[in-house]
Each structure stands twice: as C-alpha cells, then as structure tokens.
Amino acid sequence: MAGTQVSQDLLRDDSRLPRVPEPGVMVIFGASGDLTARKLVPALYDLAAQRLLPMEFAVVGLSRTEMSHDDFRAKLREALEEHRADQFSEDVWESFSKSLYYLPGDSKKSETYAELKDFLKKLDEDHGTAGNRIFYLSSSSSLFPTIVEHLGEAGMNEDAGGEEDGGYSRLVVEKPFGRDLESAQELNVDIQRYFDETQIYRIDHYLGKETVQNIIALRFSNGIFEPMWNQHYIDHVQITVAESDGIGTRGAFYEETGALRDIVQNHVMQVLCLTAMEPPVAFDPDSLREEKVKVLKAVRHIPEDDAESFAVRGQYDEGWVFGEEVAGYREEEDVASDSQTETYVSLKLLVDNWRWAGVPFYIRAGKRMPKKATEIAIQFHKTPHTLFSGSETRGLEPNVMVIRIQPEEGVSLKIGAKVPGSGFEVRSVNMDLLYGTAFLEEAPDAYQRLLLDLMLGDPTLFIRADEAEGAWGILDPVMKAWSDGGSEVARYEAGTWGPEEADKLLKRDGREWRRP
Amino acid sequence: MIGESRSSPGSGAMTVEQIEHQFAQLRANDDGSPGLRASVVNLVVVTDEESAGRVTEIVSGLSGDFPSRAVVLISDPEEEHANLDFQISAFCSIRGSGQVCAEQVIVHAEGPPAHHLESLAGPLLLPDLPVFLWYPADFTVDSPEFEGMVSLADRLVVDPAAAQDQGYCLSELAELLNRDAPDLGDLQWVSLSPWRGLVAELFHPPERAEKLGEIERVEILHAPRGEARSLLLAGWLASTLGWKPESVSREENYREVSFSGPSGEVTVEMSADSPDSALQHIRLHSGDMSFQVSRHRQISEARSTVTQGGEVVAERTVRLGSFEPGAILGEELHYRGRDDVYRAALRMAVEIMDL
C-alpha cells in the first residue's frame, strides 16, 4: 500500500548519521596470511565497533590451512588483542566474531568454489547478507588469475545489481599489480575476462592515508596555490619517500622486488599524480582517476639506452643510522652477497603538458636514509630581478613550498624577510604550518577507510587498470635497462641520502637535492 | 574604549593588547622563539561561578582535538560594583620540533560589565574563524545579554538537560528557530546520534524497512534527567516517519503519546524510571516483530536486537562512544550549518509537550 510504505532511507537521510554499507559478505582468499590478522580483520572490527558495518555482515576466510571456524576466530582474536589492545571489548568481539567463518580449501580446485558458493548462499539465509559479495585477493599474486577464473566459472562474478535475490560482486586486488607492464596487462586481461572494471578495486593502502588525501585537499580547497602551480612559477619539484629502516626480515621478498617495484611504481607514482594532476571536475571515481591517468600519459618516455641520464639505482652499505650501527644490504638475511637489487631509486621525470613543460620532477625513494620522511618540495623560480645588492641578499634563496606527508604533516614555505635593523638585509625564513596539529584526532587506519569505501561502492581511492599500467609503462624502460646488465648498482652508506650518482643527476641540471 | 582598556581591582588594568602579548609569551618555546598557534574555532562560553571549574576543565580537555581561542565568561550581574578579572592560560603540546598551543582566557565579570559580555568577548576573538557560543547551563532567550552574545556567534550550542525545566528549555529553543538566530546545536541531540544511527540500522535491510510503516508502539526508557533526549528521540521518529500527534496522557515519570501514523495509530510510551542511564532503551513494535536498542551492561556499549515471534533474528553489540560532556561538545564542534532533521525533531518534541 503506497500510503503506508516507509523506506529505511527516511531514518538514514541525515547528515549527522554516518553512511553504513549495504549488508554483505567479504570472502578473503589467503586468509591464513598476515594481512588478514594484522590489518583486515582489525579494521573490520573497528568498523563494527564504531557502528559503521551493517548488522548483516559476514567474513569468510579461505585458504589451504586446515582450521575450524573456531580456530580461525581464536587466531584472529589473538591478533586483535595484540593490535587493538586498548580497544578490545569482550562483548563487541563476541557479537562480531559470530560473523567470522573459515573454509579450508585449495583455491586452484573447482570444488572449493562450489563449496564456497553453497556456503555463501547459506550465509544469505542465516545472516541476511543479501547476495552481496566482496572477494578479497590477499593470497600470493601468482594465484590471482586462477582464483578469478574459478570465481567466474562458478558464476560468482555476476553483479546482479538490482535484480531480485541478486547482489553486487566486487573483487579486491592487493598490490603488486604485476611485476612489469606486460605482466600487469596480462593480469588485467585475466581479471577483466570475468569482472567488469567497475567491479574491480585495486588497493594501495597509501591512498587510504589521511595525509595523502590531504594533498588533494591542500591543492584544491585553497584558491591561492592553483594559480602558481605551473611552469610559470615553479622551477622543479622534488618528491622524497625516505625510510630509515632497512629491509628487516623481508630479504627474500626484497631481492625479488627492489625499491622501484616496492615503492615507486605505486606509492610514489600516486604522489606524483596527485601533485601534478589538473583539478578534477569532482571528487568522484572517474573524475579523479581520469586526471591521474592523464599525468601518467604525459610523463616523457625514458629511453632504454639512455636510462642512466634519468634513473639512478643504489644499494645501502653498512653505516650508522641515528646512533645505531646497521648492516649493509648484502649482509642482510636472505640477500645474495652480490645482489644488484636496488634499495634506492632516483628518477628525473618530465611531464610533457602545458602546465609542466620544462619542470623536472625529481623523485627519490630509499631505505636506510638518515630519517623517515615523505615530502613534496615545490621549488619556485628565483625572482626575475633582484633589488638588493649581493651582500644584502646573502642567504636568500628561491621560495620553496614543502608539503610534508610524514612525519610531521604540514606545509612550510620558505620566504625572504627583512632582518630587523638598519640597512636592507634580506634572509630566508621558514614559515612552518603543521596543519596536522589543527586536528589532533586520531586518523583512521588506512585499511579501515578503504574497506568502508569498498563496501559503500566508492572506488575513488582505488587504482584503475590504466593507472596501474601507466605507472608500469613509465618504469618499464628503466627496469629493462637495469635487468639487461646496465651499470652496477651504486652503493651508498647507510644513514646518508643516497649515492653520489643521484647527486650528479641533479647537478647536471644545475640543481641539488634538498635535505628533508 | 570598550574592549581595549579595562580596570579590575583584582588584577589591575588589562588591555586587549596586554592579553594578546601575554598569550604570545605563553606560546613561546623554551628557547624563547615564537611558538605556533593552531586554531580551528573560537569557543565562547558563558557560565557562572559555580560551574566555572567544571566548564574550564572541559574546555581545556578539548584543546587537543579542537585547538581554539576559548573565552570563558564567568558572569555575575547581581553584584553591585563593576569588577573585571582576567586569567590567561595556554595549553601547549609538543609537535615535532616545537610546541603548538591553544589558548584560554577566563573573564570574571561582575556588576554592570556582566550585562555587556559581548563587549568583552568580541575583541578577544580570533579573526576569520567561526565562533561557537556555548551555554553549558540555563539561559534566557529574551535577556539583552543573551541577544548581545548571540550576535557574535555563528553557532549557538546549548544543553537542555542542564536547564531547571528541560521541557521549557526545548520550547525556548523552538522559539529561537523562528528568529534570525545563528545555527543551533543541542548537546542532547548530539548524544542521540549513536542511538539514532542504531535505530536506523535496525531497518536497513529492505524487508525490515517496510516494517517502519507499520510501527504500532514505541517504548522509551530514560532517567528523569534524560527527558529532553527522550522527547527529541520521539520527535525525531514522529517527524521523520510522518506521525501526527493526537493526544497525551501523563502520570508521574510517564508520558504516553498517541499519534496517527500512515497505517494507523502509533503509541509512544516514555518512562522516566531508569535509575542511571539518561537513555536506557528504545523498543519499536511492529506486528510480531520487535526492534530494540538498549544499553549493554557495559555502559559504553549498546546491544541491538531484532526479534520475531519472540525469537532473536539479529543482534549485535557495538560501542556507543563517550557521553562525557567534552566528547559531546567536541562532536558538536565538528558540525557546521543548519540541521534540518534536528529542527523538525525539536518542533515535534515541543508539539508533543504542548498537547
């Protein structure tokens, strides 16, 4: 009866109430792994405790390890008590854990999927999960194509949309999205054979960080920056992602990966895109990602036979980092004594478009640097004409605006100011605004933010296929040049800002790296 | 000139410049270099001597999440002689290489100046930032002091539960909605947010959403001090679901309101028998189904339950969040703009009281 029909939206249509996703179930492949216990389930627990998950929600872990539902829950509880020690509540856990399930199964076998399908149907009945499914690929990336194929063959890829008894089907892919352009393209073809791009969520947790999103906020919610954000005012840009840590126990992984694949292809390229992109029409998935892809397309191709003029790779030797003596990379566990794997990369990228013509983007990412620092430094042109004499302007440098992502999130601007007193001496002064200090509230964990977006069906902060491929496309010639022998990896002492070759990369252009 | 030079027998003359200078000194780093100030709002509080300690404690506690210029006005207009006293403090925290400070000035105003509080608060506000005016206790809408203060504010924040007569306070607030007043924030309404979210969540699945149109009876159990909260909750349901109030019956600590809903009569029973929690539970009945949100044995948690024919079909326990005054005020400081859902709920709550 039309007159008496009231929909839930009436109570929800309220700006003070948070958006809560539709009922659904999340299937995690590779659920016995570290990511599930350390990141995914704690993030889901937080969402549940904070009233941001629907009542009708369930998680199904799937992997080859034999475990009962209760074993799985006990394992997750243990992890949760460790990672959420101060927020753990027995009652919240009890109600949350009822929605956690585990299916042991080999993701290479069809019967696993038949069993999964039946199990999900049962959950729809028992938990009211409404046929909505999220398939989270957290297993080894070599299994991704197999899992996707089986899901497709079992008909679990179908996005029924508004159909009766049907729900959505979404696929989450953890990085790495391939090892190079070719494998990324292959992976995308394999996945897209069964899932439409709108169903695919490639996750790079970096984009879930508040601090990274703040780059967008700073650029596009402040009218004063945009007019000078171009080649007329900017001389060059330096993007630094420095870590003081070494590789720890991840030697085997790192030997296969290296800094270019581990950090540059994803995190650094995202920062480059957010820094260089045109203002999107709206903060929505297509507008934002379209602009990011345009940046990647505009990056000038690095010639494979002249990669050395654009790219430097380095590897740390032993040294001292903040008072601690540390081993060299080749002495680390599971690392070859003649390893050529890079722990440091610097690149010179040119963005060939109207805005950035002639403005180099210098990028560096490395391990065992003197300190942890992620920042974007915008170096402005010198003033066109100097009013003051040489001695008066000693110590006066061009303006630099630094967007610091970590550790102290904020913006600093180096400006020239008059030294008090007679005469007209002008010196550079740093104006430092720690905008993080204006909001000391604890930022939600990156996974928490992204999982919620995923369940709400908002892919804005996820990577689109052409973005992943675009980033690989830029780096492919460099990787080829390095794998074809090329020059030896340059060495740098742990606790320094990288090899001399990296300094030369800028020196050739009459510039130098700034000290973060 | 008002706001520039003020005399006070207690602390001597103090100008706006002197106050700003003292703030700058308090912000300085250990080595004497200028300290940073981070501010997102101006928070002006009007209170009395009795509540001053508690209020300043709440404001100081907020300085972490909402660094602000807080101006706490302790007003005693009954005193015969004019007297002004200023206490200046800054709350600094170490951030990176320096410290960041939020500031608080406590102004004791006695006698005639207490009638012109806006002349004291106005010059102390930081430019370009929104002004939240918080009345933690009772206030009189028609007093000239109130009008003067409201003229400074972008948002007025009140707490009907702190009023002697909570019902009357809601009526006063509803009256404000008809005036050219700043946006209104109500801490009782803020406290209801998690409850409202949980109630809305009970009807999230489409098959249960249909039941919203068939609700016959609602039970709300609250403490006597939760009267305003309970009325706003009932007002919210009624205004959102299109129920029209028809009649009311009252007993001590009990109110039963009849509404005409889209599919028949709806009864809302509000009982003030809860010994401790301002709001203890809400139950909504529709046919053989019941929907309940109740405080759990852990006071900070709530349990949502859906039953059909007496059998539990869905349940879960979640955190309700903190109901500490500081946390609630902090929540309100997040909000900007007109809250139309609240306005409708408030008007309905007043309509219920006026039956």
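How many of the six residues of strand β1 (residues 24-29) of chain A are buried? Six of the six are, so β1(A) is largely enclosed by the rest of the structure. Keep in mind as you look that this is a predicted model.

Let's stay with that strand for a moment. You can see the burial on both faces of β1(A): G24(A), M26(A) and I28(A) are buried on one side, and V25(A), V27(A) and F29(A) are buried on the other.

Now for the neighbours. Strands of a sheet pair through backbone hydrogen bonds, and they can do that either parallel or antiparallel. For β1(A), one partner is strand β2 (residues 57-63) of chain A; the two run parallel and are joined by six bridges. If you want a spot to find this pairing, look for I28(A), which stands opposite G61(A) in β2(A). Another partner of β1(A) is strand β4 (residues 133-137) of chain A, again in the parallel sense, this time over five bridges. Here the place to look is F29(A), which sits opposite L137(A) in β4(A).

How does the chain get from β1(A) to β2(A)? Helix α2 (residues 34-49) of chain A belongs to the story here: β1(A), α2(A) and β2(A) together make a right-handed β-α-β unit.

That helix has company too. Two packed helices are described by the angle between their axes and the distance between the axes. In the case of α2(A) and helix α11 (residues 446-456) of chain A, the angle is about 70 degrees and the axes are 9 Å apart. That makes α2(A) roughly perpendicular to α11(A), because angles of 65 to 115 degrees count that way. On the α2(A) side, the contact is made by K39(A), L40(A), A43(A), L44(A), D46(A) and L47(A), while α11(A) brings in Y447(A), Q448(A), L451(A) and L452(A). Sort the residues of this contact by character and you get seven nonpolar, one polar and two charged.

Next, hop along chain A to strand β10 (residues 344-350). Six of its seven residues are buried, so β10(A) is largely enclosed by the rest of the structure. With strand β8 (residues 311-321) of chain A, β10(A) pairs in the antiparallel sense over four bridges, and Y344(A) in β10(A) is the bridge partner of G314(A). With strand β11 (residues 360-366) of chain A, the pairing of β10(A) is also antiparallel, over seven bridges. L347(A) facing I363(A) in β11(A) is a handy landmark there.

Time to visit chain B. This chain has ten helices and 18 strands, and its C-alpha atoms fill a box of roughly 70 × 50 × 35 Å along the principal axes. Of its 355 residues, 43% count as buried.

Look for an open sheet of eight strands in chain B, with mixed pairing and the order β12-β13-β14-β11-β15-β16-β17-β18. Its edge strands are β12 (244-251) and β18 (311-319) of chain B, each pairing on one side only. From one strand to the next, the twist averages 10 degrees. At the β12(B) edge, seven bridges join β12(B) to strand β13 (residues 254-261) of chain B, and the two run antiparallel. E251(B) has Y254(B) in β13(B) as its bridge partner.

Finally, find helix α8 (residues 227-241) of chain B. This helix lies across several strands, including β11 (217-222), β14 (264-271) and β15 (279-286) of chain B, and runs at about 160 degrees to β11(B).

Technical notes. Residues numbered from 1 in each chain as written. Chains lettered and ligands numbered in written order. Predicted model: local features only at pLDDT ≥ 70, side-chain atom pairs only at ≥ 80, totals over all residues. Buried ≥ 20, exposed ≤ 12 C-beta atoms within 10 Å, placed from the backbone. Pairing = 2+ DSSP bridges. Right-handed = clockwise from strand over helix to strand, strands pointing away. Axes fitted to C-alpha atoms, helices over the stretch in contact; angles between N-to-C directions. Parallel < 35°, antiparallel > 145°, perpendicular 65-115°, else oblique. Contact = placed C-beta atoms within 7 Å. Nonpolar A, V, L, I, M, F, W, Y, C, P; charged D, E, K, R; others polar.
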